[in-house]
Amino acid sequence: KTMGVEAWYMQDDVKDQKAENRMEPNEAVGLDTLKKLGVEYYSFPVEVEYPVAKVPWEPEEGAPKDEKLAAFRKEQGMNYADIITINKEKLPDFDNKLKNFFTEHIHDDDEVRYIIEGSGYFDVRNVDDSRWVRILCKAG
């Protein structure tokens, strides 16, 4: 666990995508390796209330906003955002969506994953040896 982020190499045989799927013994992945993979980690406290879902999302005119997150998005040139809530009660077709999230795919643009509540995993492939790295993402 490094500076609020925890990442590890995943075992090859994943039976439950929602489990930690750590190697035995665990092989931790540090911030230097994540950075080499193009993953940067920042933490901002959640300062306002967000909708359950909004695609695309923009703060309403005059509404309070997370100033630190807004400044970061502006500095990075990121002008698109979605809000989704990933749980059975709020995400239609939850089980199939989870399977889709777990299927390997490529994002053409840089993306921000801002976890408002709860936690989840974000998996990336290590470019050096093709092993999967699982990153535990928590609120903030």
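**Nonpolar cores and aromatic pairs in a predicted model**

The largest nonpolar core is made up of eleven residues, namely Val 5, Ala 7, Tyr 9, Val 29, Leu 34, Leu 37, Val 39, Val 124, Val 133, Ile 135 and Cys 137. Two elements, β1 and β3 (132–138), each give two or more residues to this core, and the most comes from β3, with three residues. Within this core, Val 39 is in contact with Leu 34, Val 124 and Ile 135, when neighbours within four places in sequence are left aside. Apart from this core lies another, which has nine residues, including Leu 69, Ala 81, Ile 83 and Tyr 114.

The structure described here is a predicted model, and the confidence of the prediction should be kept in view alongside the contacts. The mean pLDDT of the chain is 88, and 97% of its residues reach 70 or more. Confidence is highest in strand β1 (residues 6–9), at a mean of 96, and lowest in helix α3 (residues 94–102), where the mean is 88. As a general caution, predicted coordinates should not be read in detail where pLDDT is low.

The aromatic residues were examined next, and six aromatic pairs were counted. The rings of Tyr 42 and Phe 44 have planes at 5° and centres 6.5 Å apart, and this pair is therefore stacked, since planes under 30 degrees apart count as stacked. The two partners differ in their burial: Tyr 42, with a relative accessible area of 39%, is partly exposed, whereas Phe 44, at 15% relative accessibility, counts as buried, because the limit for a buried residue is under 20%. Ring pairs also join Tyr 42 and Phe 44 with Phe 72, so that these residues are linked into a cluster. A tilted arrangement is found for the aromatic pair of Tyr 50 and Trp 57, whose planes stand at 55° to each other and whose rings are 5.5 Å apart from centre to centre; both Tyr 50 and Trp 57 are buried.

Aromatic rings are also found beneath charged side chains. Arg 131 lies over the face of Tyr 9, at 3.7 Å from the ring centre, and Tyr 9 is itself one of the residues of the largest nonpolar core. In the case of Tyr 121, the charged end of Arg 134 sits over the ring, at 4.3 Å from its centre.

Terms used. Residues are numbered from 1 along each chain as its sequence is written. This is a predicted model: local features need pLDDT of at least 70, side-chain atom pairs count only at pLDDT 80 or more; totals for chains, interfaces and linings use all residues. Side-chain values use heavy atoms; hydrogens and water are left out. pLDDT is the predictor's confidence in each residue, from 0 to 100. Helices (H or I, at least four residues) and strands (E, at least two) are DSSP runs, numbered from the N terminus. A nonpolar core is a set of buried Ala, Val, Leu, Ile, Met, Phe, Trp, Tyr and Cys residues joined through side-chain atoms within 4.5 Å. Buried means under 20% relative accessible area, exposed over 50%, partly exposed in between (1.4 Å probe, protein chains only). Contact means heavy atoms within 4.5 Å. Rings of Phe, Tyr and Trp (its six-membered ring) pair if their centres lie within 6.5 Å; planes under 30 degrees apart count as stacked, over 60 as edge-to-face and the rest as tilted. A charge sits over a ring if NZ of Lys or CZ of Arg is within 6 Å of the ring centre and within 35 degrees of the ring normal.
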